[in-house]
Amino acid sequence: MTGRKKLFSTLLLLFDWLGASLGFAASAQPVTLTAEVTVVNNSDRNIDGYVHRFSVPVSDHMQQKLVAIRYDYPEGFERKAHRRGDSDYVELRWNIPARTTSVRRVHFDLELSSYNYRKVPDSVDPNPAVYYLQPRKYIESNSSAIQRLAAQIERTYETDEERLRAAFLLPQQMIEYRVQPTEGALYAIKHGKGDCTEFAALFVALARAMGFPARMTTDFLFTSRTEFRQPNHHSAEVYLHGKWIPVDPNLALDPKFGYGFGVGKAKKIVLNRDFSWVWSNLWPKSFRGYSRYTDVNVHWKIHRDGKDGY
């Protein structure tokens with residue numbers, strides 16, 4: 001066995017030991033994610049049929065279970081699928097009179113659990129779409145630089161899991177953590193810096209370049225705060241042994257978070273996948289020339305005890 005493979009085997013054992021020692025048998029934690037939109041109509045016209053959409057936290061992730069969606073307003077809501085079908089959103093529609101402020105809240109009740117992918121049975125998820133093998137913006141799996149790194153990993157390691165674990169470790173070795181605007185995998189290789197987005201994007205790009213379906217996830221990480229204007233973290237998932245395995249190359253830098261390759265604690269909420277929009281809105285045709293007289297503000301809040309607090 002080469003020195004590099006010995007080092008990799010040692011790291012593999014270390015990560016497995018961390019996964020077992022960090023307490024992945026904890027009971028489910030009830031949590032509520034509240035999405036609030038405030039629309040200020042400063043115009044002298046009514047907004048008849050304003051549409052607002054919020055992404056729904058994913059319900060098919062090892063970490064979390066979506067228990068209920070609560071919306072306590074008379075007009076109700078519709079639940080629809082994002083274009084790729086890998087996550088959902090809710091669509092709200094209501095009227096906003098002239099010169100008024102209107103607020104709507106949606107509560108997503110969840111159960112979060114620590115997890116270890118080795119304890120989840122194989123072959124439970126359907127085969128992923130070809131989309132998750134293709135390059136896209138920020139995930140440049142067809143670039144020569146990423147293709148070279150992927151080929152080097154394939155030459156060095158023999159099994160699928162060894163190759164994916166190597167791809168998981170590579171961003172930690174190549175990227176200096178720095179908060180920045182989203183740049184993606186290729187930028188991270190060229191400049192050697194990035195934040196959680198670049199860590200996850202590089203892993204996903206390497207996995208796709210090696211023929212493994214992989215995707216980004218957009219998360220709320222609530223280790224230090226519980227209120228947000230938008231999600232504050234990105235991680236990833238890769239399809240292996242018939243299941244989507246969560247992967248977090250960035251949080252794995254610090255063992256206190258309890259996240260790594262296929263292991264994790266209940267410290268974040270996974271909202272959606274592969275850069276799907278977080279929220280969007282639509283003005284009725286009768287009002288589109290007046291939208292400049294409005295303000296739309298979105299606020300997210302996490303309630304750890306499962307109570308919405310409003």
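Strand S2 and strand S16 (residues 279–282) run antiparallel and are joined by 4 bridges. Within this pairing, Arg53 stands opposite Ser280 of S16. The model is a predicted one, in which local features need pLDDT of at least 70 and side-chain atom pairs count only at pLDDT 80 or more, while totals for chains, interfaces and linings use all residues. Residues are numbered from 1 along each chain as its sequence is written, and side-chain values use heavy atoms, with hydrogens and water left out.

**Strands and sheets**

Helices (H or I, at least four residues) and strands (E, at least two) are DSSP runs numbered from the N terminus, and two strands pair if DSSP finds at least two bridges between them. S2 (residues 47–56) is mostly covered, with 8 of its 10 residues buried; buried means under 20% relative accessible area, exposed over 50%, and partly exposed in between (1.4 Å probe, protein chains only). S2 also pairs with strand S5 (residues 88–96), in the antiparallel sense and over 8 bridges. Val51 has Arg93 as its bridge partner in S5.

An open sheet of 5 strands follows the order S3-S6-S1-S17-S11, with antiparallel pairing. Strand S3 (64–70) and strand S11 (227–228) each have a single partner strand and stand at the edges, so one side of each is left without a neighbour in the sheet. S3 pairs with strand S6 (residues 100–112) through 6 bridges in the antiparallel sense, and Leu66 has Leu110 as its bridge partner in S6.

**Nonpolar cores**

A nonpolar core is a set of buried Ala, Val, Leu, Ile, Met, Phe, Trp, Tyr and Cys residues joined through side-chain atoms within 4.5 Å. The largest has 46 residues, and those with the most contacts inside it are Leu164, Phe203, Leu206 and Val238. Among the elements that each supply at least two residues of this core are helix H2 (144–156), helix H3 (160–174), helix H5 (196–209) and strand S12 (233–240). H5 gives the largest share, 10 residues. Apart from this core lies another, of 32 residues, including Val37, Ile47, Phe222 and Ile302.

Contact means heavy atoms within 4.5 Å. With neighbours within four places in sequence left aside, Leu206 is in contact with Ile146, Leu149, Ala150, Ala167 and Leu170. Ile146 is placed in helix H2 and counts as buried, at 0% relative accessibility. On the same basis, the contacts of Ile146 include Ala185, Leu186, Ile189 and Ala205. The C-alpha atoms of Ile146 and Ser280 are separated by 33 Å.

**Salt bridges**

A salt bridge is a side-chain nitrogen of Lys or Arg within 4 Å of a carboxyl oxygen of Asp or Glu. The whole structure contains 19 of them, including the following.

| Salt bridge | N to O distance |
|---|---|
| Glu91 and Arg93 | 3.5 Å |
| Arg165 and Glu161 | 3.2 Å |
| Lys256 and Asp254 | 3.8 Å |

Lys256 is exposed, with a relative accessible area of 58%, whereas Asp254 is partly exposed at 29%. Salt bridges that share partners join Arg53, Lys80, Glu91 and Arg93 into one network. In that network, Glu91 is buried at 5% relative accessible area and Arg93 is partly exposed at 47%. Arg165 and Glu161 are both buried; being 4 residues apart in helix H3, Arg165 and Glu161 are separated by about one helical turn.
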